[in-house]
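Welcome, and please bring up the model in your viewer. We will go from one selection to the next, with a short look at what is there each time.

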Amino acid sequence: MLRYVNRLTAGDSHRAEDIVQETMLRAWLAADEFAGEGSGFRHDDDHLAAWLHIVARNLAVDARRRDRSVPVGITPPDLLQRATDDADVAEAAVNRVAVARSLARLGPWHRDVLVHVHLRDRSRSDTARILGIPQGTVKSRLHYALTALRREFAGA
């Protein structure tokens, strides 16, 4: 099993060991389903081995997908390499603080719409459905929120 999973993980032996361990844990937890005459499961080693291989393959695919995804709030490495100058990093930090303060000054209705549309990249119709308000309300709240932010940044 370990040799099979090691191939699925491109030679990452630690990941392979974790997947085999999780596979065996799932087999142990599902042991009651395989025991007994009325389970409908044929009691031979070939079927059990096939089931274990399928579970291991699915866990390896899930791990690969998890590695490819970028969680919200984590910056991809190529974006981190752009800011090589200390002044750029400091300016980015100041900008983040300014945006956070400006968002905090907005009312909750305007802030919610702004966050859904611009930060979570949702359409106006999706935002309206999620917040339970008409699309026209989303459009007007977004307009007033952006106007307030522009006014505040122009003054700064």
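Start by selecting Ile130: leaving aside neighbours within four places in sequence, Ile130 is in contact with His116 and Arg122. Ile130 sits in helix H8, residues 124-131. Measure from Ile130 to His116 in the viewer and you should find their C-alpha atoms separated by 9.1 Å, with these positions 14 residues apart along the chain. Is Ile130 buried or exposed? Neither label fits, because its relative accessible area is 41%, and Ile130 therefore counts as partly exposed. Keep in mind throughout that this is a predicted model.

**The whole chain**

Now zoom out and colour by secondary structure. The protein chain has 9 helices and 0 strands, so the pattern along the sequence reads α-α-α-α-α-α-α-α-α. Of its 156 residues, 19% count as buried. The chain exposes about 11,700 Å², and carbon and sulfur atoms supply 54% of that area. Among contacts between residues at least 6 apart in sequence, 50% join residues at least 24 apart.

**The cores**

Next, select Leu103, Leu106, Val113, Leu114, Val117, Ala128, Ile133, Val138, Leu142, Ala145 and Leu149; these 11 residues form the largest nonpolar core. Helix H7 (108-119) and helix H9 (135-155) are the elements that give two or more residues to this core, and H9 supplies the largest share, 4 residues. Centre on Ala145, and you will see that it touches Leu106, His110 and Leu114, not counting residues up to four places away in sequence. A second, separate core has 8 residues, including Val5, Val55, Ala56 and Ala60.

Stay with H7 for a moment: Val113, Leu114, His116 and Val117 are buried in this helix. Just after H7, Asp121 takes a positive phi of about 55 degrees.

**Along helix H4**

Select residues 45-68, which make up helix H4. From first C-alpha to last, these 24 residues reach 35 Å, close to the 34 Å expected at 1.5 Å a residue. Which residues of H4 are buried? They are Leu52, Val55, Ala56, Leu59, Ala60 and Ala63. Show helix H1 (2-8) and H2 as well, since the buried residues of H4 pack against both.

**A patch on the surface**

Switch to a surface view and pick Leu25, Trp28 and Leu29, which make a nonpolar surface patch of about 370 Å². Leu25 belongs to helix H2, residues 13-29, and is partly exposed at 37% relative accessibility.

**Salt bridges**

For the last stop, show charged side chains; the count comes to 3 salt bridges.

- Glu22 and Arg26: the closest N and O atoms are 3.0 Å apart. Both residues lie in helix H2, 4 residues apart, about one turn of the helix.
- Arg105 and Glu152: the side chains meet at 2.1 Å, N to O. This pair links distant parts of the chain, with Arg105 in helix H6 (residues 86-105) and Glu152 in helix H9, 47 residues apart. Arg105 counts as exposed at 57% relative accessibility, whereas Glu152 is partly exposed at 26%.
- Asp126 and Arg129: the side chains meet at 3.5 Å, N to O. The two are 3 residues apart in helix H8, which means a separation of about one helical turn. Asp126 is partly exposed at 31% relative accessibility, while Arg129 is exposed at 59%.

How values were computed:
Residues are numbered from 1 along each chain as its sequence is written. This is a predicted model: local features need pLDDT of at least 70, side-chain atom pairs count only at pLDDT 80 or more; totals for chains, interfaces and linings use all residues. Side-chain values use heavy atoms; hydrogens and water are left out. A nonpolar core is a set of buried Ala, Val, Leu, Ile, Met, Phe, Trp, Tyr and Cys residues joined through side-chain atoms within 4.5 Å. Buried means under 20% relative accessible area, exposed over 50%, partly exposed in between (1.4 Å probe, protein chains only). Contact means heavy atoms within 4.5 Å. Accessible areas come from the Shrake-Rupley method with a 1.4 Å probe; for residues, only the protein chains shown count as cover. Patches are made of residues with over 30% relative accessible area and no salt bridge: like charges are joined within 9 Å, nonpolar side chains (Val, Leu, Ile, Met, Phe, Trp, Tyr) within 5 Å. A salt bridge is a side-chain nitrogen of Lys or Arg within 4 Å of a carboxyl oxygen of Asp or Glu. The expected span of a helix is 1.5 Å times one less than its number of residues.
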